[in-house]
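Trainee: I would like a close look at a single part of this model. Please take me through it step by step, then set it in its surroundings.

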Protein chains: 2
Amino acid sequence: MNVRISIDDIAKIAGVSRGTVSRAFNERSDINAKTREKVLRISKKLNYFPNPSARGLAKGRSECIGIVVPDLKNPFLPEMVSSIGKSAEKYGMSSLLSITDNNIMMQEKILVKMSSGQVDGLLITPCESPESIAMLNTMNSKLPIISLKHFERLQCSSVMFDDMLGAKLIIEHLAELGHKKIAFLSPTSPEWSIKQRLVACNDALQSFNIGYRKHYKLQNSGSSHNLWEEIKELVFSGAEKNPPTAIFAYDDIIALHALKAAESCGLKVPDDISIAGFDNISFSEMAGVPLTTVAVNSERLGETAIDLLMRILKSANRHEEIHHIMLKPELIVRKSTSSPVIK
Amino acid sequence: MNVRISIDDIAKIAGVSRGTVSRAFNERSDINAKTREKVLRISKKLNYFPNPSARGLAKGRSECIGIVVPDLKNPFLPEMVSSIGKSAEKYGMSSLLSITDNNIMMQEKILVKMSSGQVDGLLITPCESPESIAMLNTMNSKLPIISLKHFERLQCSSVMFDDMLGAKLIIEHLAELGHKKIAFLSPTSPEWSIKQRLVACNDALQSFNIGYRKHYKLQNSGSSHNLWEEIKELVFSGAEKNPPTAIFAYDDIIALHALKAAESCGLKVPDDISIAGFDNISFSEMAGVPLTTVAVNSERLGETAIDLLMRILKSANRHEEIHHIMLKPELIVRKSTSSPVIK
DNA sequence: GCATCTCGTCCGCTCGGGTTC
DNA sequence: GGAACCCGAGCGGACGAGATG
């Protein structure tokens with residue numbers, strides 16, 4: 001019943017030695033095409049596949065890549081994970097997924113385990129703490145690591161979307177529509193990408209000679225259920241004396257909440273206020289008012305990251321290579337932005 | 001630089017034998033607490049963790065569970081995957097994720113590899129084909145498999161939400177609101193769960209003496225971008241002579257598209273038409289009109305599935321055990337349903 | 001000499017019998 | 001006679017030197 005079939009069984013049935021079966025599965029040249037075919041045919045019939053643990057031990061690599069993310073709440077992340085997984089599969093690599101919940105201890109535990117030979121390389125959306133960055137810098141000499149965000153002082157390769165360019169595209173779009181009062185709406189947390197987008201915002205506003213600078217900071221984290229109520233309070237309450245005519249939200253989730261907040265106050269989007277997001281998650285297209293946003297092709301992100309990782313893994317002097325790849329985002333104009341209505 | 005530290009290094013530094021280091025990492029009793037602590041302290045300092053491949057080979061198990069899903073598009077799936085991953089982590093198990101894209105060949109390839117010792121157990125949302133089911137039935141004798149859906153003739157354990165009860169709750173809710181014309185809106189595919197919900201629908205309608213039976217079948221698959229346009233055509237076009245006053249959508253995604261379709265035709269939800277979904281994905285709460293739906297707690301699903309898998313793995317006669325666990329869903333009434341307005 | 005195959009060693013660890021105090 | 005530890009075999013496969021034709 002539970003007999004696990006091994007390389008010896010296949011060898012015996014095929015009438016060859018263990019080594020030959022091994023060669024059949026390892027794309028080595030010193031094996032007759034007919035023999036290989038025969039071995040593979042028999043293996044397939046018996047659902048045999050070389051034991052990955054034994055293989056990993058003998059080869060010194062696991063043929064497995066690690067994916068470490070804080071959560072899968074923002075739809076952008078599952079899209080990315082899915083694309084990473086499928087790209088890895090193309091190289092014959094399996095994917096080990098771990099969720100850190102943004103907990104540094106958890107991340108550390110996972111990284112130690114993964115770097116002990118469980119995976120050959122690592123794609124990570126890291127926690128943003130000095131300890132976390134220090135640890136990644138250390139690990140990177142043992143294990144190729146690709147960060148899916150970038151931070152100051154992070155010394156490993158990264159693949160990410162160009163935050164600054166994305167923000168610039170949005171601000172330019174809004175400014176060109178004639179908006180003079182554009183606010184940025186983001187979580188409070190000191191995330192690198194928030195900082196980047198804010199800087200790009202201000203730069204762009206300056207280049208349009210717009211002096212209005214408002215940065216609304218949300219207390220609740222990104223996926224909180226009543227985020228829109230907080231936004232309502234923060235942005236659309238009567239307390240705001242000089243309200244913006246356009247809002248650039250840090251991401252689509254926040255933009256969608258802003259949309260709901262505006263509508264719940266009787267405001268029409270985009271007539272009364274324009275709203276733009278970032279990420280182009282699938283729901284942004286089918287919101288009540290389809291969202292203007294910046295598209296970051298998560299498919300391409302995953303593919304690029306895996307391609308880079310595989311290139312690094314094949315490279316002899318992998319430790320000297322650090323690549324930073326910035327993917328260009330694209331402006332997607334939908335219905336949630338328009339010229340401000342003069343009243 | 002790239003020196004991989006091994007059990008022997010730790011043993012040497014700690015002044016003990018390899019076996020003792022091993023015992024420290026394996027919760028075995030025959031080791032002095034002080035010795036264990038010392039070994040673990042040294043290991044931690046050097047970021048040492050026993051090589052999982054070597055461990056897997058020696059132990060005959062990988063301490064890894066496999067998660068196989070068609071995709072991560074419907075937000076329900078990432079939620080489930082995330083919860084599975086975190087629950088597995090609690091047992092010290094890593095999670096190997098694979099995306100099949102609903103491709104049977106891909107699923108087969110993945111299953112063969114995983115069952116070759118890559119994972120100790122498997123959670124899967126399987127492709128619905130006879131070959132797929134046959135393969136799972138075969139594999140189940142080699143590897144504990146838990147299906148996250150149930151089908152006829154599937155002979156392995158399953159953990160899932162009670163489709164029929166969920167559908168019943170929705171129909172009862174709508175009927176009690178006074179609806180007499182309730183339509184079911186689902187994809188065309190012959191999925192088991194669609195069939196289940198349809199049957200439960202009809203049963204419930206019958207028990208309320210409602211003769212109106214309309215089943216709208218969508219051609220596009222669940223996550224298509226212009227699904228709402230298809231719904232508009234199918235349900236809200238003038239062609240429909242006897243339109244329903246309430247729609248029960250197969251899942252929240254479809255319900256949200258239906259919402260958009262209705263609104264794009266100038267219909268008010270719920271005044272002109274009630275709409276209900278299934279799954280309670282996070283967006284259903286913050287849609288323009290918050291969605292009445294059936295909540296299936298994905299956290300609990302993941303946890304239950306892993307608990308069951310671990311129980312099976314520990315059980316001596318695992319091959320004789322087949323468990324089917326049905327989780328009870330819960331009705332969530334929001335704003336998208338109300339009594340029909342008499343005109 | 002070349003294509004193809006066999007054989008023995010080793011990968012890093014776990015496990016349990018044997019040993020020590 | 002335990003508690004705590006050492007030691008050697010073996011897990012399944014990769015690999016390369018040597019054998020065979």
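Which residues are the closest to DNA strand D, and how many surround it?

Mentor: Keep in mind that this is a predicted model. DNA strand D is surrounded by 26 residues. The closest are A:Ile7, A:Tyr48, A:Arg55, B:Ser17 and B:Thr20. That list draws on chain A and chain B. Of the strand D atoms that come within 4 Å of the protein, 58% belong to sugar and phosphate.

Take the polar pairs next. A polar backbone atom of A:Ile7 sits 2.4 Å from a phosphate oxygen of DNA strand D. B:Thr20 uses its side chain: an N or O atom there is 2.6 Å from a phosphate oxygen of the strand. B:Ala58 addresses a base instead. One of its backbone N or O atoms is 3.3 Å from a base oxygen of DNA strand D.

Now the elements. α2 and α4 of chain A, and α2 and α4 of chain B, each supply at least two residues of the surface near DNA strand D. By class, that surface holds 9 nonpolar, 10 polar and 7 charged residues.

Set DNA strand C beside this. Here 25 residues surround the strand. A:Thr20, A:Thr35, B:Ile7, B:Tyr48 and B:Arg55 are the closest. Sugar and phosphate make up 63% of the strand C atoms that come within 4 Å of the protein. B:Ile7 places a backbone N or O atom 2.4 Å from a phosphate oxygen of DNA strand C. Two arginines face bases. A polar side-chain atom of A:Arg18 is 3.5 Å from a base oxygen of DNA strand C. For B:Arg28, an N or O atom of the side chain is 3.4 Å from a base nitrogen of that strand. The elements giving two or more residues to this surface are α2 (18–25) and α4 (52–59) of chain A, with α2 (18–25) and α4 (52–59) of chain B. The class count near DNA strand C is 9 nonpolar, 9 polar and 7 charged.

Both chains take part at each strand, so look at how they meet. Between them, chain A and chain B bury about 5200 Å², with 58% of it on carbon and sulfur atoms. In contact terms, 55 residues of chain A touch 56 residues of chain B. On the chain A side, A:Asn47, A:Phe283 and A:Met286 lose the most area to chain B. Together they account for 12% of what that side buries.

B:Phe283 shows one piece of this meeting. It lies in helix α12 (residues 282–285) of chain B. Its relative accessible area is 8%, under the 20% limit, so B:Phe283 counts as buried. Leaving out residues up to four places away in sequence, B:Phe283 touches A:Pro75, A:Ile253, A:Leu256, A:Ile281, A:Phe283 and B:Leu256. B:Leu256 is 27 residues from B:Phe283 along the chain, and their C-alpha atoms are 8.8 Å apart.

Then the interior. The largest nonpolar core has 152 residues. A:Ile231 and B:Ile231 touch the most other members. Beyond four places in sequence, the contacts of A:Ile231 are A:Leu185, A:Leu218, A:Phe236, A:Ile254, A:His257, A:Ala258 and A:Ala261. A separate, second core has 40 residues, among them A:Phe151, B:Val68, B:Ile110 and B:Leu143.

B:Ile231 belongs to helix α10 (residues 227–236) of chain B. The buried residues there are B:Leu227, B:Trp228, B:Glu230, B:Ile231, B:Val235 and B:Phe236. In an α-helix, residues three or four places apart point the same way, because there are 3.6 residues a turn. The cover over the buried residues of α10(B) includes β6 (182–187), β7 (214–218), β8 (246–249) and α11 (252–264) of chain B.

One loop residue deserves a stop. B:Thr100 sits between β2 (94–99) and α6 (104–118) of chain B. Its relative accessibility is 1%, so B:Thr100 counts as buried. Apart from residues up to four places away, B:Thr100 is in contact with B:Val68, B:Val69, B:Pro70, B:Met106, B:Gln107, B:Ile110 and B:Cys127. Two of these, B:Val68 and B:Ile110, are also in the second core.

Last, chain A as a whole. It has 13 helices and 12 strands. Its C-alpha atoms fill a box of roughly 90 × 40 × 35 Å along the principal axes. Of its 343 residues, 55% count as buried. Among chain A contacts between residues at least 6 apart in sequence, 69% join residues at least 24 apart.

Note on methods. Residues numbered from 1 in each chain as written. Chains lettered and ligands numbered in written order. Predicted model: local features only at pLDDT ≥ 70, side-chain atom pairs only at ≥ 80, totals over all residues. Heavy atoms only, no water. Core = buried A, V, L, I, M, F, W, Y, C linked by side-chain atoms within 4.5 Å. Buried < 20%, exposed > 50% of the residue type's maximum accessible area, 1.4 Å probe, protein only. Contact = heavy atoms within 4.5 Å. Near = heavy atom within 4 Å. Polar contact = N/O pair within 3.5 Å; in protein donor to acceptor, adjacent residues only side chain to side chain. Helix = DSSP H or I, 4+ residues; strand = E, 2+ residues; numbered from the N terminus. Nonpolar A, V, L, I, M, F, W, Y, C, P; charged D, E, K, R; others polar. Buried area = accessible area lost by both parts, 1.4 Å probe.
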